[in-house]
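Me: Please take a close look at the part of this structure that surrounds its ligands, and then follow the chain outward from there. I am a first-year student, and I would be grateful for a formal, connected account.

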Amino acid sequence: MSFTSRAAVHYGHERTLDITEVQVEEPGPGNVLVRLGASGVCGSDRHVLDGEWPMPSPTVMGHEGAGTVEAIGEGVQDVVVGDHVVLSWFYPCRRCTNCLSGRAYVCTGSRSEECLLPDGNTPLSRDGTRVYPYLAVGSMSEYTVVPETAAVKIPSEVPFDVASLLGCSIATGVGAVVNDAMVAPGSSAVVIGAGGVGLSIIMGLKLAGAHPIIAVDLNEQKLNAAQRLGATHTVISGDDTQHQVAEITGGGADYAFEAIGRKEAIESLPSLLVRGGTAVLVGLPPAGQSINFDGLELAESGMRILGSNYGSTVPGRDFPRLAELYLAGKLPVDDLISDRISLDEVNEAFEAMRRGERARSVIMF
Ligand code: APR
Ligand code: ZN
């Protein structure tokens with residue numbers, strides 16, 4: 001049995017999405033059917049639309065979603081019908097060495113990057129042709145089917161728009177600070193790029209007690225948002241950035257986060273750090289791009305470079321924690337949402353993102 005769902009579909013070479021109907025299968029063993037409440041519009045979707053990352057197509061885009069469990073497949077134990085869930089854009093296999101070592105975020109058994117369910121199928125089709133859910137989520141659709149390990153129950157008091165962002169930008173940004181960098185209170189930090197991910201890093205830095213917290217962006221509106229979320233200083237990105245960061249921190253920051261995915265910005269991180277400081281690479285550059293650092297400077301200064309993917313999130317552990325922090329008023333996720341839109345407005349949201357506008361657009365279903 002299958003049924004139709006309105007969805008935003010990407011056909012390989014197009015920069016825009018088609019709002020159209022796809023067929024969704026009933027959930028098979030171990031999978032769950034989710035009715036989406038909200039889906040964020042994330043920079044990673046834009047990378048795919050702009051041809052920076054190879055992906056199978058056609059694809060239902062969206063990987064930052066939350067909704068309600070509508071049906072469960074055979075053997076599902078983690079959730080029941082009616083649960084509110086946050087979707088994870090990788091599903092841990094729970095069997096590989098990394099999963100068994102508690103490092104599910106580098107799971108080697110997952111097929112989420114292939115946009116496939118564990119059995120190698122996709123739950124979506126159109127006119128009899130296979131359609132891929134982006135990162136095995138495909139949240140820009142009224143309905144989707146994901147493995148139960150990618151649907152994490154959270155308290156139903158958390159509104160769906162907020163819950164959707166917990167699944168990518170918040171997990172990525174807060175996780176980069178808390179799980180990867182493990183920033184200690186009183187550490188100084190600079191964040192380059194104040195989009196959805198950069199602003200989430202700033203929220204995480206405030207939560208961790210960092211000071212000062214410096215936001216760097218080209219766009220003044222983004223810097224205002226950064227200030228509301230916890231940045232103590234803002235800098236318009238330009239030739240003078242290094243000097244200003246040195247001035248504010250008294251010689252360089254303890255931590256420098258990149259949250260754009262731009263080669264030049266990543267390569268500038270060492271110049272913003274104090275000796276022995278830590279550069280954290282959160283933004284994702286186009287596939288195949290090399291980043292250059294001065295090897296001698298790196299070694300002599302005792303600098304650390306950390307790659308940070310999805311904030312090293314363990315969904316079942318971290319999503320409920322982030323939800324509780326939100327409910328306790330310690331993560332002002334509402335302030336990250338600049339626009340609530342319909343599915344039909346998704347192409348405009350990507351256009352605004354390309355212009356560097358909007359903190360986070362969220363599609364409401
Ligand atoms: N200097 C400073 N800021 C810049 C520059 C620059 N040269 N170029 C762009 N920016 C800013 C934009 O103004 C915007 O505020 O970077 C921000 C990027 O934000 P978004 O486009 O909203 O992207 P986001 O969803 O935050 O994702 C950022 O993280 O997870 C990854 O794949 C994701 O690589 C992407 C990155
Ligand atoms: Zn994302």
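Reply: In what follows, helices are DSSP runs of type H or I with at least four residues, strands are DSSP runs of type E with at least two, and both are numbered from the N terminus. The model discussed here is predicted.

Let us begin with ligand 1. The shell around ligand 1 holds 22 residues, and those that come nearest are Ser44, His47, Asp217, Lys222 and Arg360. By character, the shell consists of nine nonpolar residues, nine polar ones and four charged ones. Two helices each contribute at least two residues to this shell, namely helix 1 (43-49) and helix 4 (196-208). Helix 1 gives the largest share, which amounts to three residues.

Where does ligand 1 lie with respect to domain 1 and domain 2? Residues of the shell come both from domain 1 (2-153 + 332-364) and from domain 2 (170-311), and therefore ligand 1 lies between the two domains.

Individual atoms fill in this picture. The side chain of Asp217 places a polar atom 2.7 Å from an oxygen atom of ligand 1. For His47, an N or O atom of the side chain is 2.8 Å from an oxygen atom of the ligand. Ile260 takes part through its backbone instead: a polar backbone atom of this residue is 3.1 Å from an oxygen atom of ligand 1. Taken alone, ligand 1 would expose 740 Å², and the protein buries 89% of that area.

The second site belongs to the zinc ion, ligand 2. Which protein atoms are the donors of the zinc ion? They are SG of Cys42, NE2 of His63 and SG of Cys168, at 2.0 to 2.3 Å from the ion. Along the chain, these donors follow the spacing C-x20-H-x104-C. The pair His63 and Cys168 links distant parts of the chain, being 105 residues apart. His63 sits in the loop between strand 4 (59-60) and strand 5 (65-72), whereas Cys168 is part of helix 3 (residues 160-181).

Are these two zinc donors buried or exposed? A residue counts as buried when its relative accessible area is under 20%. His63 has a value of 0%, so it is buried. Cys168 has a value of 2%, so it is buried as well.

The backbone deserves attention next. Most residues other than glycine have a negative phi, and most peptide bonds are trans. Against that background, the peptide bond from Ser57 to Pro58 is cis, with omega near -5°. Pro58 belongs to the loop between helix 1 and strand 4. A further cis peptide bond leads from His211 to Pro212, with omega near -10°. Pro212 lies in the loop between helix 4 and strand 12 (213-217).

Two residues that are not glycine show a positive phi. For Tyr310 the angle is about 60°, and for Ser312 it is about 45°. Tyr310 is placed in the loop between strand 16 (304-307) and helix 10 (315-327). Ser312 is likewise found in the loop between strand 16 and helix 10. The relative accessible area of Tyr310 is 2%, and hence this residue is buried. Ser312 reaches 7% relative accessibility and so counts as buried too.

Finally, three other positions show how parts of the chain meet. Ala38 lies in strand 3 (residues 31-40), and its relative accessibility of 0% makes it buried. From Ala38 to Gly65 there are 27 residues in sequence, and their C-alpha atoms are 5.7 Å apart in space. Thr144, in strand 9 (residues 143-147), is buried with a relative accessible area of 0%. Thr144 is 74 residues from Glu70 in sequence, while the distance from C-alpha to C-alpha is 10.0 Å.

The third position, Ser110, is in the loop between helix 2 (97-100) and strand 7 (124-126). Why does Ser110 count as buried? Its relative accessibility is 19%, and the limit for a buried residue is under 20%. The side chain of Ser110 comes to 2.8 Å from the backbone oxygen of Tyr91. The side chains of Ser110 and Ser112 are also joined, by a polar contact of 2.8 Å.

Note on methods
Residues numbered from 1 in each chain as written. Chains lettered and ligands numbered in written order. Predicted model: local features only at pLDDT ≥ 70, side-chain atom pairs only at ≥ 80, totals over all residues. Heavy atoms only, no water. Near = heavy atom within 4 Å. Polar contact = N/O pair within 3.5 Å; in protein donor to acceptor, adjacent residues only side chain to side chain. Areas by Shrake-Rupley, 256 points an atom, 1.4 Å probe, with all protein chains shown as cover. Nonpolar A, V, L, I, M, F, W, Y, C, P; charged D, E, K, R; others polar. Domains from an automatic or database assignment. Donors = N, O, S within 2.8 Å, 3.2 Å for Na, K, Ca; no water. Buried < 20%, exposed > 50% of the residue type's maximum accessible area, 1.4 Å probe, protein only.
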